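Student: Please take a close look at a single part of this structure and go through it in one connected account. I would like to know what it pairs with, what covers it, and how it sits within the rest of the chain.

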Amino acid sequence: MTNKVYQVPYGTKDILPGEMKTRRGIENAIINVFDKWGYDEVKTPDFEYVDTFGAAGSKGDFRFFDRSNNLLALRNDMTAPIARLTATRLQGGEKIKRLCYLANLYRYEEIQAGRQCEFEQAGVEMLGASGTAADAEVIVLAAEALQAAGLQKFAISLGHVDFINGLAEEAGFDAAQLQQLKDCLRRHDAVGMQQMADAMENIRPEIKQLFADFLFLQGGIELLDKVAAIVTNAKCQGALNDLRKIYKLVEAYGAADYLSFDLGLYRSLDYYTGMLFEVYLPEMGYPVAGGGRYDKMMQRFGLECPATGFAVGVDRVLLALERNGVATNNRTWDVLVAWSEGKLPEAIAKATALRREGRSVKLLTEAADLQGAALAVKEYGCKSLVYVE
């Protein structure tokens, strides 16, 4: 006999029966939404050659060598593998490819609520589609996926990489200063932003103030008009026009109430080239979903192809439901079939017939009297009782 306690590796967890049933229901609900919008599900390997991830790779990767000394990595992102798959396996057929996935990802994280080293995402990638119509589609699809998962109160923050790049151009930033700016935005470092603004010389006071306020450039459609009156850079103006068009299209879908603008939004992955967005919930301090446009990634695989997409964190959806008071670990049954002494064959036949009707059935394993059967209904959380005697 041993007293050893067997634990799972750091950053992973077991999923127990009730939670697994809830999780599967959420997964199916999200994938069904993707399917209704015409997105075909694909699957890529859990690990790839490190080169596949390019700039999306990081020191948080889980890497290892195979027996031929090839350097591999567990996937930490799904966009790069799907870009590879499309470039190497799906060059024919329709010009615009709508693909979706449900996958486990692996990334070394400091553990906190909503973050694990192994986590699950459901997402879509629209490849071959440029323009704001495709961007609006994936934003609205993200909203519908979250609604299908059981979340109704959320907010979508929408930004644009070209606004950030254009404002840096207007300020005359070099590459190092641009990276410093993006690092501050990524960390939500208001002090760092103020220090950058204070150090600026020979620049219009209005632009200097925009940098100081970068992390607070948030609001509705009126924000775009206010900022457009200040900036003169062509990239900034193009980004603001893109955001206006996206808003109009999201409004046509009837989802504009979820949408607001955050011109200082910058995501941790560096492959975005246009609009980008994140979805927040009142009870969560980090996004439950996010995505954006990435028109240059496919070049790494030898293909010119604009693309846009997003991912939903399934684990974060489950955590949000728990915080909303939705039970995610309780198993319920439609019917409990109980039986008196000697009636097990008849009880089996009854349970089988009910399952064929599509009912979920719990069959008692031992005979019980009627009183015992009634107590078992409460114990197992069954909605009704069938007693065979």
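**The sheet and its surroundings**

Tutor: Strand 5, residues 97–106, pairs with strand 6, residues 118–127, in the antiparallel sense, and the pairing extends over 10 bridges. This is a predicted model, and everything below describes that prediction. Within the pair, the residue of strand 6 that stands opposite L105 is F119. Strand 5 and strand 6 also have a helix lying across them: helix 2, residues 79–89, which runs at about 135 degrees to strand 5.

Both strands belong to an open sheet of nine strands. The order across the sheet is 1-5-6-12-11-10-7-9-8, and the pairing is mixed. At the edges are strand 1 (40–41) and strand 8 (218–219), each of which pairs on one side only. In that order, strand 7 stands between strand 10 and strand 9, and this is the place to look at in detail.

What does strand 7 do on its two sides? With strand 10, the pairing is antiparallel and takes in six bridges. A155 of strand 7 is the residue opposite Y280 of strand 10. With strand 9 (residues 259–262), strand 7 runs parallel, and three bridges join the two. One of the residues concerned is L158, whose bridge partner in strand 9 is F261. The mixed pairing of the sheet can thus be seen at strand 7 itself, antiparallel to strand 10 and parallel to strand 9.

How enclosed is strand 7? Of its six residues, five are buried, so strand 7 is largely enclosed by the rest of the structure.

Strand 9 gives a residue to compare with this. S260 is found in strand 9, and at 25% relative accessibility it counts as partly exposed. The cut-off that decides this is 20%, since buried means under 20% relative accessible area. Apart from neighbours within four places in sequence, the contacts of S260 are I156, S157, L158 and G219. The C-alpha atoms of S260 and A155 are 7.5 Å apart, although 105 residues separate the two along the chain. Contacts over long sequence separations are also a feature of the chain: among its contacts with a separation of 6 or more, 68% are between residues 24 or more positions apart.

Next comes helix 4, residues 161–170. This helix is mostly covered, with seven of its 10 residues buried. The buried residues are V161, F163, I164, N165, G166, L167 and A168. What covers them includes two strands of the sheet, strand 7 (155–160) and strand 10 (275–280). The cover also includes helix 5 (175–187), helix 7 (205–212), helix 8 (221–228) and helix 9 (234–253). After helix 4 comes G172, which has a positive phi, near 75 degrees.

Two of the helices that cover helix 4, helix 8 and helix 9, also pack on each other, at an angle of about 160 degrees with their axes 10 Å apart. Angles over 145 degrees count as roughly antiparallel, and helix 8 and helix 9 are therefore roughly antiparallel to each other. The crossing of helix 8 past helix 9 is left-handed. On the helix 8 side the contact is made by I221, L224, D225, V227 and A228, and on the helix 9 side by Q237, L240, L243, R244 and Y247. Sorted by class, this contact has seven nonpolar residues, one polar residue and two charged residues.

Two loop residues are also worth a look for their backbone angles. Most residues other than glycine have a negative phi. N69 is not a glycine, yet its phi is positive, near 65 degrees; N69 lies in the loop between strand 3 (63–65) and strand 4 (71–74) and counts as exposed at 61% relative accessibility. N202 is likewise not a glycine and has a positive phi of about 55 degrees. N202 lies in the loop between helix 6 (190–199) and helix 7, and at 83% relative accessibility it counts as exposed.

As for the setting, the chain has 12 helices and 15 strands. Its C-alpha trace spans about 95 × 55 × 50 Å along the principal axes. Of its 389 residues, 48% count as buried.

Key
Residues are numbered from 1 along each chain as its sequence is written. This is a predicted model: local features need pLDDT of at least 70, side-chain atom pairs count only at pLDDT 80 or more; totals for chains, interfaces and linings use all residues. Side-chain values use heavy atoms; hydrogens and water are left out. Buried means under 20% relative accessible area, exposed over 50%, partly exposed in between (1.4 Å probe, protein chains only). Helices (H or I, at least four residues) and strands (E, at least two) are DSSP runs, numbered from the N terminus. Contact means heavy atoms within 4.5 Å. Axes are lines fitted to C-alpha atoms, for helices over the stretch in contact, and angles run from 0 to 180 degrees between N-to-C directions. Angles under 35 degrees count as roughly parallel, over 145 as roughly antiparallel, 65 to 115 as roughly perpendicular and the rest as oblique. A crossing is left-handed if the near helix is turned anticlockwise from the far one by less than a right angle, and right-handed if clockwise. Ala, Val, Leu, Ile, Met, Phe, Trp, Tyr, Cys and Pro count as nonpolar, Asp, Glu, Lys and Arg as charged, and the others, Gly among them, as polar. Two strands pair if DSSP finds at least two bridges between them.
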